[in-house]
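Me: I'd like to practise reading a fold feature by feature. Could you walk me through this one?

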Amino acid sequence: MAAWARWCLDHRWAVVLLWVAALFGTVAASVTAGSAYSNVFKIPGTESSTAYERLQKAFPDAAGDVDNVVWQTERGTVHDPAVRDRMTALLADIARMPDVGRVVGPYEPDGAEQVGADGRIAFAQVTFVKQQFELDTENLKHLIERAEQARAPGLRVELGGPAIEAAQEPPAGLAEAVGIVAAGIILFLAFGSLFAMLLPLVSGVFAVGTGISAVVLLSHVTDIPETATLLGSLIGLGVGIDYALFIVTRHRNGLKAGLSPKEAAVRALDTSGRAVVFAGGTVCVALLALFTVDITLFDGIAISTTLVVVLSVLASATLLPALLGLLGLRALSRRERRALAATSTAGAPREAEAGRAALRWAGLVQRRPRLLGLVALVVMAALSVPALSLRLGTNDQGNQPTSQTVRQAYDLLAKGFGPGFNGPLLMVAELDGAQDRQALDTLITEIRRTPGVVRVVEAPVPADARGLAAATRVVQVVPATSPQAEATDKLIDTLRDKTVPAAAKGSTLKVHIGGETALQKDFAAVVGDRMPGFIALIVGLGALLMLVAFRSLLVPLTAALMNLIAACASFGLLVAIFQWGWGMDLLGLGKEGPIISFLPVIMLPLLFGLSMDYQVFLVSRMHEEWLHTGDNARAVRVGQAGTGRVINSAALIMIFVFGSFILSGDRGGMMAGLGLAGAVALDAFILRMLLVPAMMHVLGRANWWLPAWLDKVLPHLAVDPPDRPAGGTPGTAEDTAEKVLTPSR
């Protein structure tokens, strides 16, 4: 790392210009090419995916999103002339708008059943020619404005559907901007220097900007879901700014110790830079483990997030030292530069002292490790209890805040047509002759008599249907309960396991039950089945890397245990807030519901990777001290005190960056942001600053034990800087603080 740092410092202008070219080049290319996201949620081998594929092959023209215009009249019915004329004019205008393929309203024969039982609620279906992420947002906003103009006293008009929901999300980049501003404030308070504050921000923005633009370009050659850019910026900003923070902090300490800017930067890269590279590697390994889940959605997310993390590490190891070289002593505040000049004239400067509060806390943990460790464990266990009630499922527009038109439309449809109307099941039948047709008729009759079903309608076959389309029938089944209800899941199981097999017995009829509700149920089931192996893989890989890096058996085992504890507590918070509804009204997060099925698989590698980051930075400092002194108590105390402030600052940055994603408008982004923010807070302030050092004090010298035969077999991975003379370098921050706070012996 030292040679690499010197090269970047010697060629700093070239490095900066290369990064500028990379950022602006990828941004320009992505703007020119546009995106080609593929939101593929199907899982090969499941019944709902088979139904989806059959529909796609039989009716390829029905590929666009379908949204709804819903209206309710307070007096009379929707067939009153004034209401009819007003809504007919609206639907005619919508039909002429760009990207609208077809509009079917209740005032024409095909839409006769689109009026509620009381005649006061009706809806029209708007079928677009494209998927929602391909539609022009400005056209959608114009559609929304036209619908709002149709409102009148006594007449409510609301809009629902994925395209409308996407059009009303906050502007892209709002959450990231808020997170960057919050990070800047924390950095300024930590450093007291404008230039030092800007360094991590510039490094993080260059890495994330280049990475997200590259992800947009990659969407043209592989399946990348739209949510990948949100998650990429979420994790990229967090780790990018934090990695730079660790290096800049070490650089500033070197400057305060009297090193030249170049020497300080080289030492920072050769110490904290090593830990950054290793920590980034653990995050990437955890993210790449998503490929083992074998779901296309996760493959795209793994590619995008890993790319952004790699660029964050690369920016910290190249762009950052170049910027440090350009700034020189201006990485310190004016007050710090004046103090440095004064101490230089009086004698050799020392490194900045570790905080007195940090050392006192580290000393307290050393004196009461069992008691404080038990308190921390009880707190984390209590926060983990709600995770026992974790239920995976889907969130829809019924979970949005009541102020949004998509939620109003959802509620109106549920009121007029029943809770299950917002998540109908689709039976896709493959017919081969009259016997199969008879079996399908029998099946439809049986389903109408099935408890929990309120409506069964067979879709008409197009007059010009040929081949696969002519042999395919689609039957819509409307449950009595909402898409998120457990009763709906049980109904799907009943239809698949009992009703369909009984009706199809003796025929060649094949029936696949699909639709969005069934698809999400299958998705959650597959994720749940593959979760244990996935968790074992990422925990095992992380522990193996720690074993190689720190040459210890207990350090990686402790890290794995801490990661699992942090994950349980994080999901406990998510369940309490999003599933049980605690504080949702206060936070403006809408209505409670199950945890989105794909969220655990996405969050866990991020959470384990971030937890491993803090473990690496904390233990690497302890390990460095252990190698130089052989004193476990001192190593743990010094490592905790020496890294406490920077870890806490880094954690605060991540908490604000992740928490800002509440503003993203995306339900998955909100859950991931709050879950990761809570996990980082618990991990940094309770686990790394209390439970981990307490356990290491209790374990003593056993922390660093490794069988000799295993030490010979394992490869060597240098996380610690090159050895310095045993006993440490006089005048380090920890030695200075020890002399101040420790009584004479």
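Me: Let's start with a loop residue: is Arg551 buried or exposed?

Reply: Keep in mind that this is a predicted model. The cut-off for buried is under 20% relative accessible area. Arg551 comes out at 14% relative accessibility, so it counts as buried. You'll find Arg551 in the loop between helix H18 (516-550) and helix H19 (554-579). Check its backbone too: phi of Arg551 is near 50 degrees, a positive value in a residue that isn't glycine.

Me: Which other residue that is not a glycine has a positive phi?

Reply: Asp99, with a phi of about 70 degrees. Asp99 sits in the loop between helix H4 (81-95) and S2. For a glycine case, go to Gly630, which follows H21 and has a positive phi near 70 degrees.

Me: Since you mention H21, how many residues does it have, and what does it span?

Reply: With helices, set the end-to-end reach against the expected one. Helix H21 (residues 599-629) has 31 residues and reaches 44 Å from first C-alpha to last, close to the 45 Å expected at 1.5 Å a residue. Then look at how covered the helix is: 29 of the 31 residues in H21 are buried.

Me: On to sheets. What is the strand order in the one that contains S7?

Reply: Read the order across the sheet, then the pairing sense. Here four strands form an open sheet in the order S7-S8-S6-S9, paired antiparallel. Strand S7 (453-458) and strand S9 (510-514) are the edges; each has a single partner strand, so one side of each lacks a neighbour in the sheet. From one strand to the next, the twist averages 20 degrees.

Me: How many bridges join S7 to S8?

Reply: Five, and S7 runs antiparallel to strand S8 (residues 472-479). To see the register, follow individual pairs: Val457 has Gln476 as its bridge partner in S8, while Val456 is bridged to Val477. In a regular strand, side chains alternate between the two faces of the sheet. On the other flank, S6 and S8 pair antiparallel over six bridges, and Val428 stands opposite Val474 in S8.

Me: Why is S8 largely enclosed by the rest of the structure?

Reply: Count its buried residues: seven of the eight in S8 are buried, so the strand is largely enclosed.

Me: Which helices pack on this sheet?

Reply: Look for contacts first, then the angle. Helix H16 (residues 434-448) touches strand S6 (425-430), S7, S8 and S9, and its direction makes about 155 degrees with that of S7. Helix H17 (residues 486-504) lies across S6, S7, S8 and S9 as well, running at about 175 degrees to S9.

Me: What is the order in the sheet that contains S2?

Reply: S2-S3-S1-S4, an open sheet of four strands with antiparallel pairing. Its edges are strand S2 (100-104) and strand S4 (155-160), each pairing on one side only. The twist averages 20 degrees from one strand to the next. Four bridges join S2 to strand S3 (residues 121-128) in the antiparallel sense, and Val100 has Phe128 as its bridge partner. As for helices, H5 (residues 137-149) lies across S3 and S4, at about 165 degrees to S4. Helix H15 (residues 405-417) touches strand S1 (66-73), S3 and S4, with its direction at about 110 degrees to that of S4.

Me: Zooming in on S1, what does Thr73 touch?

Reply: For one residue, go through location, burial and contacts. Thr73 lies in strand S1 and, at 4% relative accessibility, counts as buried. Leaving out residues up to four places away in sequence, Thr73 touches Val78, Val83, Arg120 and Gly154. A polar atom of the Thr73 side chain also lies 2.7 Å from the backbone oxygen of Arg75.

Me: Last topic: which residues touch the most other members of the largest nonpolar core?

Reply: In soluble globular proteins, nonpolar side chains tend to be buried together. The largest core here has 153 residues, and Ile295, Phe298, Phe534, Phe578, Tyr614 and Phe658 touch the most other members. Helix H23 (residues 667-699) supplies the largest share of this core, 18 residues. Beyond its neighbours within four places in sequence, Ile295 is in contact with Ile43, Phe523, Val526, Val527 and Arg530. There's also a second, separate core of 30 residues, including Trp71, Leu90, Ala122 and Leu135.

Notes:
Residues numbered from 1 in each chain as written. Predicted model: local features only at pLDDT ≥ 70, side-chain atom pairs only at ≥ 80, totals over all residues. Heavy atoms only, no water. Pairing = 2+ DSSP bridges. Helix = DSSP H or I, 4+ residues; strand = E, 2+ residues; numbered from the N terminus. Axes fitted to C-alpha atoms, helices over the stretch in contact; angles between N-to-C directions. Contact = heavy atoms within 4.5 Å. Buried < 20%, exposed > 50% of the residue type's maximum accessible area, 1.4 Å probe, protein only. Polar contact = N/O pair within 3.5 Å; in protein donor to acceptor, adjacent residues only side chain to side chain. Expected span 1.5 Å × (residues − 1). Core = buried A, V, L, I, M, F, W, Y, C linked by side-chain atoms within 4.5 Å.
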